[in-house]
Amino acid sequence: MRFLTQSFITDWTQLEIGIAMGCTVSPVLFVLAMQVLLKASEAETEPVDLGQGVHMPPLKAFMDDTTVITNSRDKAQTVLDRLDYLIRWGRMKFKPAKSRSLSLRKGKLNDSVVFNVSNQAIPTVAQVPVKSLGR
């Protein structure tokens, strides 16, 4: 990346983290790369059975915000482990403290379930409520 003004051009600088603000291609490339990681993680589990023949993909994502939905704790942890491996492979990292988990059993909140990513526990919504869903 480099910057250009009417009177000056900077030297090229290698980006090591993040996407370049104002660049029209960076977000597209980021989303494409994330899609590859999500598809590779999705292969670890099957679609979620919601009953009455309705199935839903186990991963939902918008940019780097990802939701994992499974029918069991073990399947969810398997997907998280795979995602963690692939994210690290892509030279990125999870921020478990910024994540939240919600586990329901027969329609009731189950606070005893703890998920881990990058050897750190993901706090539950009950432990650390979500203050904001963005701007």
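Here is a short chat about the predicted model shown above.

Visitor: What pattern do the helices and strands follow along the sequence?

Guide: Let's start with the tally: the chain has two helices and eight strands. Read from start to end, they come in the order α-β-β-β-β-α-β-β-β-β.

Visitor: Is the chain compact or spread out, going by its radius of gyration?

Guide: The C-alpha trace spans about 65 × 30 × 30 Å along its principal axes. For 135 residues the globule rule gives 14 Å, and the radius of gyration is well over that at 19 Å, so the chain is more spread out than a compact globule.

Visitor: What share of the residues counts as buried?

Guide: The cut-off here is under 20% relative accessible area. Of the 135 residues of the chain, the share that passes is 22%.

Visitor: Which residues make up the largest nonpolar core?

Guide: In general, nonpolar side chains tend to be buried together in soluble globular proteins. In this chain, helix 2 (73-89) and strand 7 (115-117) each supply at least two residues of the largest core. A second, separate core of five residues includes Phe30, Met34, Leu37 and Leu86. The largest one has six: Ala76, Leu80, Val113, Phe115, Val117 and Ile122.

Visitor: What does Val117 touch, leaving out residues up to four places away in sequence?

Guide: Val117 is itself part of the largest nonpolar core, and so are two of its partners, Leu80 and Ile122. The full set of contacts is Leu80, Asp84, Phe94, Pro96 and Ile122.

Visitor: Why are the buried residues of helix 1 said to be on the same side?

Guide: The residues in question are Ser26, Phe30, Met34, Leu37, Leu38, Ser41 and Glu42. Leu29, Leu32 and Val36 are exposed on the other side of helix 1. An α-helix has 3.6 residues a turn, so residues three or four places apart point the same way. The buried set lies on the same side of helix 1 because it covers an arc of only 135° around the axis.

Visitor: What covers the buried residues of helix 1?

Guide: Helix 1 has 17 residues and reaches 24 Å from its first C-alpha to its last, close to the 24 Å expected. The cover over its buried residues includes strand 3 (59-62), strand 4 (65-68) and helix 2.

Visitor: Is Ser41 buried or exposed?

Guide: Ser41 lies in helix 1 (residues 26-42). Leaving out residues up to four places away in sequence, Ser41 touches Leu59, Arg82, Leu83 and Leu86. Its relative accessibility is 0%, so Ser41 counts as buried.

Note on methods:
Residues numbered from 1 in each chain as written. Predicted model: local features only at pLDDT ≥ 70, side-chain atom pairs only at ≥ 80, totals over all residues. Heavy atoms only, no water. Core = buried A, V, L, I, M, F, W, Y, C linked by side-chain atoms within 4.5 Å. Buried < 20%, exposed > 50% of the residue type's maximum accessible area, 1.4 Å probe, protein only. Helix = DSSP H or I, 4+ residues; strand = E, 2+ residues; numbered from the N terminus. Contact = heavy atoms within 4.5 Å. Expected span 1.5 Å × (residues − 1). Arc of directions from axis to C-beta. Rg over C-alpha atoms; globule rule 2.2 N^0.38 Å.
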